[in-house]
Amino acid sequence: MSEAGDERLRALRAEFDEWADRYEADLEHPEGVLVGHADARRLSASLLTVRPDDVLVDLGVGTGLFAECFDGGGATVIGVDLSPRMLARCAEKHPAWQYAAGHFLAIPLPDHTADAVISAFASHHLDTDEWPDALREVMRVLKPAGKFLLVDILFVDEETKDEARRILGEAWEEENYPVYTHLGPVAAELGLRATFTALTPLHAAVLFEGMA
Ligand SMILES: C[S@@+](CC[C@H](N)C(=O)[O-])C[C@H]1O[C@@H](n2cnc3c(N)ncnc32)[C@H](O)[C@@H]1O
């Protein structure tokens, strides 16, 4: 990773370490682009079936809110995050889960570990040009028939994102919110199918799976 990339990760780590203790309280009254985040997580959970003997990796696990939507089935959950403080908060809530400090471009797990990788509200911290490497890293960690469910402040195309920006006005926070018209072709280049599902006016899911 470049020096600038390292510096960006350090800044993100500091930001989320600082937010970790207040994160869930803040989300009880979400604002701006996070309005409806709980509905987005709940609705997207129906897009992926997780079985009791599955290994589920949550990338950008935070305090565990997304993996909790799938935990009832008894799967082995591995939370990955770049923020040690977020991991510590999550471990207090879910001592039976496993944890690893890492990030989208360097997931500290062996090849073919996971039946499914999930990620909610974390991928918009990637630069647009980092997506091919990020998807390759997720696919490395997945078993061959595995699936990757991505949920985020995510739009079908740039026009829809522009419209959301216009409607939210000052409540909009500018970040690298992904668009499906970019992710779909990146996935296709890697031999993956990417299926888009709108969840709320601001949030959507993309399910990545092999072309087999
Ligand atoms: C807004 S929180 C979302 C947490 C949780 N997934 C949820 O839905 O509540 C974003 C999380 O992603 C983590 N994160 C941000 N950028 C990341 C990256 N590049 N790799 C891994 N984790 C990242 C942050 O540390 C933080 O815990």
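In this predicted model, a good place to start is the pairing of D111 with R140, whose side chains meet in a salt bridge at 2.8 Å, N to O. The two partners come from distant parts of the chain, with D111 in the loop between β3 and β4 and R140 in helix α5, 29 residues apart. A search of the whole structure finds 21 salt bridges. Below you will also find a ligand site, a buried aspartate, two residues with positive phi, and a loop leucine with its contacts.

**Salt bridges across the chain**

- Both partners of the opening pair are partly exposed: D111 has a relative accessibility of 47%, and R140 has a relative accessible area of 24%.
- D127 and R8 also meet through their side chains in a salt bridge, here at 3.6 Å, N to O.
- D127 sits in the loop between β4 and α5, while R8 belongs to helix α1 (residues 3–19), so this pair ties together parts that are 119 residues apart in sequence.
- D127 is partly exposed, with 29% relative accessible area, and R8 is partly exposed too, at 27%.

**A salt bridge within one helix, and a network**

- The side chains of R166 and E163 form a salt bridge at 3.0 Å, N to O.
- These two residues are three apart in helix α6 (residues 158–168), which means that about one helical turn separates R166 from E163.
- R166 is exposed, with a relative accessible area of 57%, whereas E163 is partly exposed at 38%.
- Elsewhere, D21, R85, R89 and E92 are joined into one network by salt bridges that share partners.

**An aspartate without a salt bridge**

- Side chains of opposite charge can pair when their charged atoms come close.
- D152 is a case to set beside the pairs above: this residue is buried yet has no salt bridge.
- The nearest side chain of opposite charge to D152 is that of K161, 10 Å away, and a salt bridge here requires the nitrogen and oxygen to be within 4 Å.
- D152 is found in strand β5, which covers residues 142–153.
- What D152 does have is a polar contact, made by its side chain with the side chain of H124 at 2.8 Å.
- Leaving aside residues up to four places away in sequence, D152 touches F121, A122, S123 and H124, along with L202, H203 and A204.

**The ligand site**

- The ligand is surrounded by 19 residues, and the closest are Y23, G60, D81, H103 and A120.
- Y23 places a polar side-chain atom 2.7 Å from an oxygen atom of the ligand.
- D81 likewise has a polar side-chain atom 2.5 Å from a ligand oxygen atom.
- F104 takes part through its backbone, where a polar atom is 3.2 Å from a nitrogen atom of the ligand.
- On its own the ligand has 590 Å² of accessible area, and the protein covers 98% of it.

**Positive phi outside glycine**

- H112 is not a glycine, yet its phi is positive, at about 55°.
- H112 lies in the loop between β3 (98–101) and β4 (114–120), and it is partly exposed, with a relative accessible area of 47%.
- F121 is another residue other than glycine with a positive phi, in this case near 60°.
- F121 is placed in the loop between β4 and α5 (131–141).
- Unlike the partly exposed H112, F121 is buried, with a relative accessible area of 11%.
- F121 also appears among the residues that D152 touches.

**A buried leucine in a loop**

- L199 is located in the loop between β6 (192–198) and β7 (203–210).
- Although it is in a loop, L199 is buried, with 15% relative accessible area.
- L199 and R41 are 158 residues apart in sequence, while their C-alpha atoms are 8.6 Å apart in space.
- Not counting residues up to four places away in sequence, L199 touches A40, L43, S44, V151, A204 and A205.
- A204 is one of these contacts of L199, and A204 is also touched by D152.

Methods
Residues are numbered from 1 along each chain as its sequence is written. This is a predicted model: local features need pLDDT of at least 70, side-chain atom pairs count only at pLDDT 80 or more; totals for chains, interfaces and linings use all residues. Side-chain values use heavy atoms; hydrogens and water are left out. Helices (H or I, at least four residues) and strands (E, at least two) are DSSP runs, numbered from the N terminus. Buried means under 20% relative accessible area, exposed over 50%, partly exposed in between (1.4 Å probe, protein chains only). Lys and Arg count as positive and Asp and Glu as negative; His and the chain ends are not counted. A polar contact is a pair of N or O atoms within 3.5 Å; within protein, one must be able to donate a hydrogen and the other to accept it, and residues adjacent in sequence count only if both atoms are side-chain atoms. Contact means heavy atoms within 4.5 Å. A residue is near a molecule or strand if one of its heavy atoms lies within 4 Å of it. Accessible areas come from the Shrake-Rupley method with a 1.4 Å probe; for residues, only the protein chains shown count as cover.
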